[in-house]
Each structure stands twice: as structure tokens, then as C-alpha cells.
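Work through these exercises with the model open beside you. Try each task before you read its solution.

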Amino acid sequence: MMAFEICESKKEDLEKILELLKELAIHENMLDDVKCTTKELKESFFKHEYAKALSLKVDGEIIGYVMYYFTFSSFWGLGGLYLEDIYIQPKHRKKGYARAVFKYLAQICKEKNLKRLEWVCLNDNDLGIEFYTKLNARHMSEWRTYRLEGENLEALM
């Protein structure tokens, strides 16, 4: 049986993580939107600490990654955790690794007294939707996600 491990990403993991991020972007038809380099990831994770990255490994080889950051709920008056990305290469899916990741993130929430674990999922991600439903995650259909970026964001400055 292959040994699966979840560990805090190191600077030397970032090149592989960027490669996997691009695999995810291809799947989501968003490769043109990937602007970051390993330099930006290094600064975001290790210098500015905007977010955290986890490396998902099988027998020491990185087969996926997780990126998350902390949020705040005004209604709860407490923090939360936002899962920005979870990506596991297709040949390593349906082996219980994603469930292990969510257990790991739930443990972080418990340790830090965080009351929410949130993420978004593409509408056509049937595999993800099925998995999240099995976790008993609530689909927040009453909310819409909005984004300002690029020239539209700059127009407000």
C-alpha cells in the first residue's frame, strides 16, 4: 500500500505545486488566468504569509496540493478557514486522500477554534459535488460569488 502524507509545503515544493496548479487551470479552462510564478508563491506563503500551502504526497512524491487562508465571520465573531484550492492528480483520486485532507483541515479548525470551513466548487465538477455532498457540506445556493480584478479593480483606485 502506498504511503499518503499531508505536510506543510516547503519552498522547494513550490515548483511542483505550480505545475499542478497549471494542471488544475487546464481542467478549469483557466490556464490564461495563471499569472503567478514560484517567486510569487514563495513570497505569498513564506514572506507575507497571505496563505498556507500543503503538499499531498504518495511515497514521497507530490501528487496534489492544498492552499488555504484564514477568514473572519462577523455573525460568529470568530475565524474560519477558506479552502482556495484542493487538487489531486486524476490517477490518485478516489483513494480517500481528499477525505484525509478535509479531516486535516477540520483538525486545524478545531485547534484554532475556527467555526467555518468554506470553499467554492465549479458547477460542472460532478466528482467534487458528489464528494462534498457525502461530507454533508451545505451548498450555499443563496449566495453569489463576485470578483473585481484587473482594470475593473484598478478603476476604483
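**Exercise 1. A histidine in a loop**

Leaving aside neighbours within four places in sequence, which residues is H92 in contact with? Then place H92 in the chain and decide whether it is buried or exposed.

*Solution.* A word on the source: this is a predicted model.

Step 1. List the contacts. Beyond its neighbours within four places in sequence, H92 touches V58, I63 and Y97.

Step 2. Locate the residue. H92 sits in the loop between β4 (78–88) and α3 (97–112).

Step 3. Classify it. Buried means under 20% relative accessible area. H92 has 7% relative accessibility, so it counts as buried.

**Exercise 2. The overall layout**

Describe the protein as a whole: how many helices and strands are there, and in what pattern? Then use the radius of gyration to judge how compact the protein is.

*Solution.*

Step 1. Count the elements. The protein has 5 helices and 5 strands.

Step 2. Read them along the sequence. The pattern is β-α-α-β-β-β-α-β-α-α.

Step 3. Compare the radius of gyration with the globule rule. The value is 16 Å, close to the 15 Å that the rule gives for 157 residues, so the protein is as compact as a globular protein of that length.

Step 4. Add the dimensions. Along the principal axes, the C-alpha atoms fill a box of roughly 55 × 35 × 30 Å.

Step 5. Check burial and contacts. Of the 157 residues, 30% count as buried. Take the contacts with a separation of 6 or more: 58% of them join residues 24 or more positions apart.

**Exercise 3. Two helix pairs**

At what angle do α1 and α2 pack, and how far apart are their axes? Do the same for α3 and α4, and name the residues that make each contact.

*Solution.*

Step 1. Start with α1 (residues 14–27) and α2 (residues 38–47). They pack at an angle of about 110 degrees, and their axes are 10 Å apart.

Step 2. Name the arrangement. Angles of 65 to 115 degrees count as roughly perpendicular. The helices α1 and α2 are therefore roughly perpendicular to each other. The crossing of α1 past α2 is right-handed.

Step 3. List the contact residues. From α1 come L14, E15 and L18; from α2 come T38, L41, K42, F45 and F46. By type, this contact has 5 nonpolar, 1 polar and 2 charged residues.

Step 4. Turn to α3 and α4. Their axes come within 11 Å and cross at roughly 50 degrees. These two helices are therefore oblique to each other. Here α3 passes α4 in a right-handed crossing.

Step 5. List this contact too. A98, R99 and F102 of α3 meet F131, Y132 and K134 of α4. The split is 4 nonpolar, no polar and 2 charged.

**Exercise 4. Positive phi outside glycine**

What is the phi of E49, and what is the phi of D59? Find where each residue lies and how accessible it is.

*Solution.*

Step 1. Take E49. Its phi is near 55 degrees, a positive value in a residue other than glycine. E49 belongs to the loop between α2 and β2 (52–58).

Step 2. Classify E49. Exposed means over 50% relative accessible area. E49 has 57% relative accessibility, so it counts as exposed.

Step 3. Take D59. It is not a glycine, yet its phi is positive, at about 50 degrees. D59 lies in the loop between β2 and β3 (61–73).

Step 4. Classify D59. Its relative accessible area is 53%, so D59 is exposed.

**Exercise 5. A strand lysine and a helix glutamate**

Which residues does K52 contact, leaving aside its neighbours within four places in sequence? Then give the C-alpha separations of K52 from S9 and of E130 from Y97.

*Solution.*

Step 1. Place K52. It is in strand β2. At 33% relative accessible area, K52 is partly exposed.

Step 2. List its contacts. Beyond its neighbours within four places in sequence, K52 touches E8, F45, V66, M67, Y68 and F70.

Step 3. Read the first separation. K52 and S9 are 43 residues apart along the chain, and their C-alpha atoms are separated by 8.0 Å.

Step 4. Place E130. It lies in helix α4 (residues 126–134). With 38% relative accessibility, E130 counts as partly exposed.

Step 5. Read the second separation. E130 and Y97 are 33 residues apart along the chain, with C-alpha atoms 15 Å from each other.

How values were computed:
Residues numbered from 1 in each chain as written. Predicted model: local features only at pLDDT ≥ 70, side-chain atom pairs only at ≥ 80, totals over all residues. Heavy atoms only, no water. Helix = DSSP H or I, 4+ residues; strand = E, 2+ residues; numbered from the N terminus. Buried < 20%, exposed > 50% of the residue type's maximum accessible area, 1.4 Å probe, protein only. Contact = heavy atoms within 4.5 Å. Axes fitted to C-alpha atoms, helices over the stretch in contact; angles between N-to-C directions. Parallel < 35°, antiparallel > 145°, perpendicular 65-115°, else oblique. Left-handed = near helix turned anticlockwise from the far one by under 90°. Nonpolar A, V, L, I, M, F, W, Y, C, P; charged D, E, K, R; others polar. Rg over C-alpha atoms; globule rule 2.2 N^0.38 Å.
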